[in-house]
Amino acid sequence: MFRSRPLLPLLLLSLASLPALAADDAHDHHGNHPAHVHGVGKLDLALEGNTLTLHLDTPLINVVGFEHAANSARDKDTVRAAAKTLRDVGRLFVTDAAAQCKPAEIQLESAVLPPALLGEKTPATESTAPADGHADLDADFTLVCATPGALTTVDASGLFAAFPGFQRIDVQLATPKKQGAAQLVPGTALIPLN
Ligand SMILES: [Zn+2]
């Protein structure tokens, strides 16, 4: 039956369907999350006056091992445990003792998780759950440092140790002394600030 039809239209049809497939693929993996690559996180670090802010943007899978809503009791326990670890900021990010940095505020947010499960007291800002099966977690850490001039490094080894799902973290840095980018991997997780 196919042989009776001209070959060319079939070929054109196949070719025409290729870009559509490629677009679907791109949507699945990058649709709502331009930087969503499993294993890779993004960290924006800024020092302004006494305030050190760290914004971590990561595929949810890196911290809890899945990206769907936490339906089962086991999933919920996993999320609670991860949130508890994330809120222990001094364990994740080690700053120079002389800088005397203390956590002031920590906010966790993910489109597929209820804020309360992440330990948030107030509802998060309106966010829509991704339709592509992927989900991110945003974590904002604000620290206040009594002696910010003594801050020379931030060591993120603890983050890799606590969450083995991270294979790489791309850092963007903005301090009064330095602006730039750094790439962290397990075992090499020291961010120089000067
Ligand atoms: Zn994903």
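Visitor: Hi! In which sense do strand β7 and β8 pair, and over how many bridges?
Guide: Hello! In this predicted model, β7, which covers residues 168-174, pairs with β8 in the antiparallel sense over 6 bridges.

Visitor: And which residue stands opposite alanine 174?
Guide: That is glutamine 179, in β8.

Visitor: What order do the strands of the sheet come in?
Guide: The order is β4-β5-β2-β1-β7-β8. These 6 strands make an open sheet with mixed pairing.

Visitor: Why is one side of β4 and of β8 left without a neighbour in the sheet?
Guide: Both stand at the edges, β4 at residues 101-109 and β8 at 179-184, and each has a single partner strand, so one side stays free of a sheet neighbour. As for the twist, neighbouring strands here are turned by 15° against each other on average, ignoring direction.

Visitor: New topic: where does valine 94 lie?
Guide: Valine 94 is in strand β3, residues 94-95.

Visitor: Why does valine 94 count as partly exposed?
Guide: Valine 94 has 18 other C-beta atoms within 10 Å. A buried residue would need 20 or more, and an exposed one would have 12 or fewer, so valine 94 falls in between.

Visitor: What does valine 94 touch, leaving out residues up to four places away in sequence?
Guide: Asp155 and Gly158. Also, valine 94 and leucine 190 are 96 residues apart in sequence, with their C-alpha atoms 9.2 Å apart in space.

Visitor: What is the mean pLDDT of the chain?
Guide: The mean is 85, and 77% of the residues reach 70 or more. Over residues 1-32, though, the pLDDT is below 50, and that stretch has 8 contacts in the model beyond near neighbours in sequence. Predicted coordinates should not be read in detail where pLDDT is low.

Notes: Residues numbered from 1 in each chain as written. Predicted model: local features only at pLDDT ≥ 70, side-chain atom pairs only at ≥ 80, totals over all residues. Pairing = 2+ DSSP bridges. Helix = DSSP H or I, 4+ residues; strand = E, 2+ residues; numbered from the N terminus. Axes fitted to C-alpha atoms, helices over the stretch in contact; angles between N-to-C directions. Contact = placed C-beta atoms within 7 Å. pLDDT = per-residue confidence, 0-100.
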